[in-house]
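I am opening a fresh notebook page for this structure, and you are welcome to read along. My plan is to look things up one by one and jot down what turns up.

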Amino acid sequence: MTDRYAVFGHPIGHSKSPRIHAAFAEQTGEAIAYTAIEAPVADFAGAWRAFVAAGGRGANVTVPFKQEAFALAEVLSPRARLAGAVNTLMLGRDGKLYGDTTDGVGLVRDLEAHAAPLAGARVLLLGAGGASRGVIEPLLEAGVASLTVANRTVAKAEALAALFADKGEVSGCGFDDVAGPFDLVINATSASLAGDLPPLPAALFTAEGLAYDMMYAAEPTVFLRWAAEQGARSVDGLGMLIEQAAESFWLWRQVRPDTVPLRELLRSEL
Ligand code: ATR
């Protein structure tokens with residue numbers, strides 16, 4: 001029986017994951033089937049069990065199930081524990097359910113692909129939800145000099161920074177208290193979805209500064225348009241999506257796909 005994989009979400013109709021993993025499978029010659037499953041909001045665990053009974057070996061998990069996948073996993077990777085979320089599930093040979101998260105490494109790989117300075121960089125992270133939490137430790141691991149978490153709800157930024165206080169130079173503040181300049185500003189808020197721009201001061205970027213939006217769309221997000229006006233180089237989150245998928249594929253199959261062709265292909269299809 002062909003090994004089955006899937007992405008679980010709700011809604012899931014617009015997911016690019018089936019497209020990405022089908023391309024990875026073709027490229028690497030791995031015989032897998034990968035589909036999108038819209039699990040009921042109240043029964044992620046039931047949907048996962050039905051999938052396993054039908055030959056499912058592993059899955060990607062997206063909104064709103066990353067915390068439920070975290071709770072369901074029997075063995076958590078250290079990085080999933082720190083992120084408080086699981087985006088990759090896999091059945092081990094021992095029959096146990098393993099949970100990991102590849103979002104943070106996906107971001108770091110994409111930043112590296114764009115020659116973004118990480119070692120020694122001053123980094124501003126906008127937002128203090130799950131998307132932010134998942135990337136803090138990988139950014140610190142990559143050697144950033146300091147990481148400032150800024151959020152609309154200041155207490156959430158402070159609480160998130162406190163979670164990682166023993167791992168590096170991390171602080172939390174509100175948008176009003178942001179003091180630049182930064183080498184890298186990452187938008188991990190969901191403001192772009194609504195076409196909103198967090199209230200940011202001018203002079204936010206260093207001369208070589210880079211703006212990164214975890215969101216992506218056919219047109220630059222409002223944050224990336226603003227950053228370009230400030231003179232910053234700007235990059236959207238399409239590459240992060242592809243890189244986190246590649247890391248999941250590697251976890252499942254121990255084969256690392258080449259992400260470069262996918263970048264061009266998906267960009268052309270936006
Ligand atoms: P995710 O898991 O994607 O991070 P989340 O946990 O709902 O989703 O977090 C969304 C983040 O976007 C939060 O940091 C939120 O700010 P608050 O904590 O103050 O709610 C931020 N956000 C959402 N809409 C925003 C907006 N219009 N302007 C600024 N920040 C916004």
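**Entry 1: a word to settle before starting.** I call a residue buried when its relative accessible area is under 20%, and exposed when that value is over 50%. I also remind myself that this is a predicted model.

**Entry 2: Thr259.** I began with a residue in the loop between H9 and H10, namely Thr259. Is Thr259 buried or exposed? Its relative accessibility is 10%, so Thr259 counts as buried. Then I looked up what it touches: leaving out residues up to four places away in sequence, Thr259 has contacts with Phe24, Ile242, Glu243 and Ala246.

**Entry 3: Gln254, in the loop between H9 and H10.** I found Gln254 between helix H9 (238–253) and helix H10 (260–269). Its phi is near 55 degrees, a positive value in a residue other than glycine. I noted this because most residues other than glycine have a negative phi. Gln254 has 54% relative accessibility, so I put it down as exposed.

**Entry 4: other positive phi values.** Ala203 has a positive phi too, near 60 degrees. I located Ala203 in the loop that runs between strand S10 (182–187) and strand S11 (205–213). With a relative accessible area of 62%, Ala203 is exposed. I also stopped at Ala115, just after H5, where phi is positive at about 55 degrees.

**Entry 5: cis peptide bonds.** Most peptide bonds are trans, so I wrote down the cis bonds I came across. One runs from His10 to Pro11, with omega near 5 degrees. Pro11 sits in the loop between strand S1 (3–9) and helix H1 (17–28). Another cis bond joins Val63 and Pro64, where omega is about 5 degrees. I placed Pro64 in the loop between strand S3 (56–61) and helix H3 (66–72).

**Entry 6: the nonpolar cores.** Which members of the largest nonpolar core touch the most other members? I found Leu107, Leu111, Leu139, Ile186 and Tyr212, out of 29 residues in that core. The elements giving two or more residues to this core include helix H5 (103–113), strand S7 (122–126), helix H6 (130–141), strand S8 (146–150) and helix H7 (154–163). H6 gives the most, with 4 residues. There is also a second, separate core of 20 residues, with Tyr5, Ala25, Ala246 and Phe249 among them. I had already met Ala246 as a contact of Thr259.

**Entry 7: helix H5.** I went back to H5 and asked how many of its residues are buried. The count is 8 of 11, so H5 is largely enclosed by the rest of the structure. Among the buried residues I listed Asp103, Asp110, Leu107 and Leu111.

**Entry 8: the ligand.** My last stop was the ligand, which has 13 residues around it. Of these, Ala128, Asn151, Arg152, Thr153 and Lys156 come nearest. I sorted the shell by type and got 3 nonpolar, 7 polar and 3 charged residues. Next came the polar pairs. An oxygen atom of the ligand lies 3.0 Å from a polar backbone atom of Ala131. A ligand oxygen atom is also 3.1 Å from a polar backbone atom of Ser190. A nitrogen atom of the ligand is 3.1 Å from an N or O atom in the side chain of Asp196. Taken alone, the ligand exposes 640 Å², and the protein buries 70% of that.

Note on methods:
Residues numbered from 1 in each chain as written. Predicted model: local features only at pLDDT ≥ 70, side-chain atom pairs only at ≥ 80, totals over all residues. Heavy atoms only, no water. Near = heavy atom within 4 Å. Polar contact = N/O pair within 3.5 Å; in protein donor to acceptor, adjacent residues only side chain to side chain. Areas by Shrake-Rupley, 256 points an atom, 1.4 Å probe, with all protein chains shown as cover. Nonpolar A, V, L, I, M, F, W, Y, C, P; charged D, E, K, R; others polar. Buried < 20%, exposed > 50% of the residue type's maximum accessible area, 1.4 Å probe, protein only. Core = buried A, V, L, I, M, F, W, Y, C linked by side-chain atoms within 4.5 Å. Contact = heavy atoms within 4.5 Å.
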